[in-house]
Amino acid sequence: LAIEDLLDRLEAAYGRSRPYSRFEPMEELISCIMSQSSTDSTSFPAFTRLREAFPDWNDMERAGVEGILEHVRPSGLGPSKSKAIIGSLRMIRQRSGTHSLDFLREMGDLEARDWLSQLPGVGLKTASIVLCFAYGRPLIPVDTHVHRTSIRLGLIPPKASPTKAADLLLGSDAARHAFRFHTLLIQHGRLTCSARSPSCSACPVAELCPSSPTGIPPEPPTSRGGTKRGQASKP
Ligand code: SF4
């Protein structure tokens, strides 16, 4: 499957994805923590109000969990997200002497992802979002839509976990287009290739999809009877 062809077709159907990050790296990180288990329409206004109350990261850290809770609470899971935000601010300041993530520029992709993943409340997906969106690194954040559609399109094996999927995609052609790939597959998963009832008959990439009734046929089973990459499960 040619990734560029896939992305071109998705872009023709859903429009061009925005070509830049909305936030600088620290804002990307904290807004991403606030967006967990929330919608953008809920978490972004809450993040904006938090930043208006604490435009200086030092002041935010000094305010502590109790001090930021009322601003974080509207995004849901207020106490745990507040703890994660204050804990992350502290660890970053202790690591770099300031509230800046620019030291990540000196690290390799996986080293930077591992460092961010150690922060409280930050998992593989959040770390990848920061590195992909704010630094243009070839790390593809794998959410439920990217995971499902990648499997159906035969880009990763059917049983690959989200963590395994992130590593497989990092080593694939998709990584060269990480931001585009991530945003377009989310659009595709939301609008067409839904979890329960994918609209294969109206799909802009059906011709390329081994899971489509009209798509390219899957590769035959191996002689050991296992499955091969490219043999996606039926939706
Ligand atoms: S053909 Fe169906 S399963 Fe394949 S990507 Fe399109 S909607 Fe998803």
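Which helix holds alanine 12? Select that residue in your viewer and you will land in helix H1, which covers residues 3-14. Before going further, keep in mind that this is a predicted model.

**Stop 1: alanine 12**

Turn on the surface around alanine 12. Its relative accessibility is 69%, and so the residue counts as exposed, the cut-off being over 50%. Now add proline 204 to the selection. These two residues are 192 places apart along the chain, yet their C-alpha atoms are separated by 8.5 Å.

**Stop 2: the whole fold**

Zoom out and switch to cartoon view. You should see 10 helices and zero strands. Reading along the sequence gives α-α-α-α-α-α-α-α-α-α. The protein has 235 residues, and 49% of them count as buried. If you like to think in contacts, consider the pairs of residues at least 6 apart in sequence: 60% of those contacts join residues at least 24 apart.

**Stop 3: the ligand and its cavity**

Next, select the ligand and show what surrounds it. The residues to display are Arg152, Leu153, His188, Cys193, Pro198, Cys200, Cys203, Ala206, Cys209, Ser211 and Ser212. Colour this shell by class and you get seven nonpolar residues, three polar and one charged.

What is the space taken by the ligand? The ligand takes up the largest cavity. The structure holds one cavity of 30 Å³ or more, and the space in the largest cavity comes to about 100 Å³. Its lining is made of 14 residues, and those nearest its centre are His188, Cys193, Cys200, Cys203 and Cys209. By class, that lining has eight nonpolar, five polar and one charged residues.

**Stop 4: the largest pocket**

Now move to the largest pocket, which encloses about 750 Å³ of space. It is lined by 29 residues; to find its centre, select Arg22, Asp40, His182, Ile186 and Arg190, the closest ones to that point. Four elements each give two or more residues to this lining: helix H2 (25-35), helix H3 (40-53), helix H7 (124-135) and helix H10 (178-191).

Which helix gives the largest share of the lining? Highlight H10, which supplies six residues. Colouring the pocket lining by class shows eight nonpolar, 13 polar and eight charged residues.

**Stop 5: two residues with positive phi**

Go to serine 37, in the loop between H2 and H3. Its phi is positive, about 55 degrees, although the residue is not a glycine. With a relative accessibility of 72%, serine 37 counts as exposed.

Then jump to leucine 77, in the loop that runs between helix H4 (57-72) and H5. Leucine 77 is not a glycine either, and has a positive phi of about 50 degrees.

**Stop 6: glycine 78**

Step one residue on to glycine 78, which belongs to helix H5 (residues 78-96). Is glycine 78 buried or exposed? Its relative accessibility is 3%, and because buried means under 20%, glycine 78 counts as buried. Beyond its neighbours within four places in sequence, its contacts are Leu69, Val72 and Arg73. You can also draw a distance to valine 65: 13 residues away in sequence, with 9.4 Å from C-alpha to C-alpha.

**Stop 7: histidine 71**

Histidine 71 is in helix H4. Its relative accessible area is 18%, so this residue is buried under the 20% cut-off. Show its surroundings, leaving aside neighbours within four places in sequence, and you will find contacts with Met34, Ala46, Arg49, Leu50, Ala53 and Phe54. Phenylalanine 47 is worth adding to the view: 24 residues separate it from histidine 71 in sequence, and 7.6 Å separate their C-alpha atoms.

**Stop 8: arginine 113**

Finish at arginine 113, in helix H6 (residues 109-117). With a relative accessible area of 6%, arginine 113 is buried. Which residues does arginine 113 contact, leaving aside its neighbours within four places in sequence? Display Leu124, Ala127, Ser128, Leu131, Leu139, Ala166 and Asp167 to see them.

How values were computed. Residues numbered from 1 in each chain as written. Predicted model: local features only at pLDDT ≥ 70, side-chain atom pairs only at ≥ 80, totals over all residues. Heavy atoms only, no water. Near = heavy atom within 4 Å. 1 Å grid on protein atoms, 1.4 Å probe; cavity = no way out; pocket = protein on both sides within 12 Å on 5 of 7 lines; lining within 4 Å. Sits in = over half its atoms within 2 Å of the grid points. Nonpolar A, V, L, I, M, F, W, Y, C, P; charged D, E, K, R; others polar. Buried < 20%, exposed > 50% of the residue type's maximum accessible area, 1.4 Å probe, protein only. Points joined across faces, edges and corners; volume = space filled by probe spheres on them. Contact = heavy atoms within 4.5 Å.
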